[in-house]
Amino acid sequence: MPRARFLAVWFACFALLAGAAAGVLFAVHAALAPEQQLQFARLLAAGGNILFVFGVILFVASGFLASGITRSFLAPMRKLAESTRLIAAGNPAWRAEAEGPSEIRELALAVNALAERHETLTGGVEERIRQAHADLGNETNRLAALMSELASGVVVCTIEGRILLYNEHARQMFSAAGVPGFIGLGRSLFSLLDRHLVVHALDQLRYRLAQGDARPVSVFLASPGPSLLVRVRMAPVMGTASVDGRPLEPSGFLLLMDDVGGEVALYEQRDQLLEHLIQSARATLASIRMAAENLESFPQMGPDRQAQFAAIISAEAHRLTAHLAHRTTLRAARSGMSALERPCALMGFRSRGGSAASP
């Protein structure tokens, strides 16, 4: 490409010099008298060799002229263009060499000034990016430390259900229960929890956000494995705010999961104890009632017979009292809740008069 450019410049210089020589000869011919013009024409015709030598001289001179133009103007411009492309391509520390005529040197200085400013701005942006990454790393470490201290399993997901973050308690909860899916970064939450439950909870969050709830929470029960029953609290992770300050759409969601299988076992044990107590108390009360009715119906019975029925009442009452005392020590921690209140307790709510465990 440079050789072709040099040849083009050489041809242009030769054409320019040849044209100038022809113009000089034409001007001399026009300035002479008619008789002198004939003599001048005969002279040119007779001096063909001289014209050939003159043409060769013009050709060589145009070559030197083209070489000088190329070295003085084209080569510095080409270097300046290459330096500018190098700076723009990702090396802002590169500087163009100021060489050639004064105009090209001034242009090179202007390019260097722009390169210096570009380097300063790029360095500032890179520093801000490094600082942002450092701050993000610190925030992530603090969040991980906080999550590791929580007694509940915590999982953070994208709105599509891809796992972004989870703590050790969540991993142990799913691993120990033999859940078919595997918890891991980038994996789908729907391999661990039922998709329909999660989607329904997300719809509830969107509805509450549309109703103006600033901190909506959706609670549901799920059974990921045969030996695992978890109470799940879902909260949205809000995305970019709109112009009026309202969130457009949650960018993800956070799950807090508690294993309530032990609580269910306590409730079942309590129900069994109550059932056994009712069956035992029913026979005892029947014996006491029968003895009391006999005493009331037959007041004329002898003292020995009355003492016998009184002993039956006393023995059955003592047996019922001892049975109640024994069963009271074995009741579940939540024995005061009725069977209708149990689902509310599992979902995280207390009975009437208490405070809600979740919004």
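Colleague: In which strand is Thr158 found?
Modeller: This is a predicted model. Look for Thr158 among residues 153-158. That run is strand S1.

Colleague: Does Thr158 count as buried or exposed?
Modeller: Its relative accessibility is 16%. Buried means under 20%. Therefore Thr158 counts as buried.

Colleague: Which residues are in contact with Thr158, leaving aside its neighbours within four places in sequence?
Modeller: Thr158 sits in strand S1. Its neighbours within four places in sequence are left aside. The contacts are then Leu164, Ser251, Gly252 and Phe253.

Colleague: How many salt bridges does a search of the whole structure find?
Modeller: Side chains of opposite charge can pair when their charged atoms come close. Arg171 with Glu168 is a salt bridge here. A search of the whole structure finds six.

Colleague: How far apart are the closest N and O atoms of Arg171 and Glu168?
Modeller: Both residues lie in helix H5, which covers residues 168-176. They are three residues apart, about one turn of the helix. Their closest N and O atoms are 2.3 Å apart.

Colleague: What is the relative accessible area of Glu168?
Modeller: Its partner Arg171 is partly exposed, at 32%. Glu168 is partly exposed too. Its relative accessible area is 39%.

Colleague: Which residue meets Arg231 in a salt bridge?
Modeller: The N to O distance is 3.8 Å. The pair links distant parts of the chain, 27 residues apart: Arg231 is in strand S4 (residues 228-238), and its partner is in strand S5 (residues 250-259). Arg231 is buried, at 10%. The partner is Asp258.

Colleague: Which residues do salt bridges that share partners join into one network?
Modeller: Arg233 forms a salt bridge with Asp258, with the closest N and O atoms 3.2 Å apart. Arg233 in strand S4 and Asp258 in strand S5 are 25 residues apart. Arg231 also meets Asp258 in a salt bridge. The network therefore joins Arg231, Arg233 and Asp258.

Colleague: What is the length of the polar contact between the side chains of Ser152 and Asp258?
Modeller: Ser152 lies in the loop between helix H4 (102-149) and S1. Ser152 is buried, at 14%, and Asp258 counts as buried at 17%. The polar contact joining their side chains is 2.5 Å.

Colleague: How many residues has the largest nonpolar core?
Modeller: In soluble globular proteins, nonpolar side chains tend to be buried together. Val155, Leu189, Met234, Leu255 and Met257 have the most contacts inside this core. S1, H5, helix H6 (195-210), strand S3 (218-225), S4 and S5 each give it two or more residues. The core has 24 residues.

Colleague: How many residues are in the other core?
Modeller: This core lies apart from the largest one. Leu80, Ile87, Val111 and Ala115 are among its members. Its residue count is six.

Colleague: How much accessible area does the nonpolar patch on the surface have?
Modeller: The patch is formed by Phe52, Val53, Val56, Ile57, Phe59, Val60 and Phe64. Val60 is found in helix H3 (residues 48-89). At 40% relative accessibility, Val60 counts as partly exposed. Together the patch residues have about 710 Å².

Note on methods: Residues numbered from 1 in each chain as written. Predicted model: local features only at pLDDT ≥ 70, side-chain atom pairs only at ≥ 80, totals over all residues. Heavy atoms only, no water. Helix = DSSP H or I, 4+ residues; strand = E, 2+ residues; numbered from the N terminus. Buried < 20%, exposed > 50% of the residue type's maximum accessible area, 1.4 Å probe, protein only. Contact = heavy atoms within 4.5 Å. Salt bridge = Lys/Arg side-chain N within 4 Å of Asp/Glu carboxyl O. Core = buried A, V, L, I, M, F, W, Y, C linked by side-chain atoms within 4.5 Å. Patch = residues over 30% accessible without salt bridge, like charges linked within 9 Å, V, L, I, M, F, W, Y side chains within 5 Å. Areas by Shrake-Rupley, 256 points an atom, 1.4 Å probe, with all protein chains shown as cover. Polar contact = N/O pair within 3.5 Å; in protein donor to acceptor, adjacent residues only side chain to side chain.
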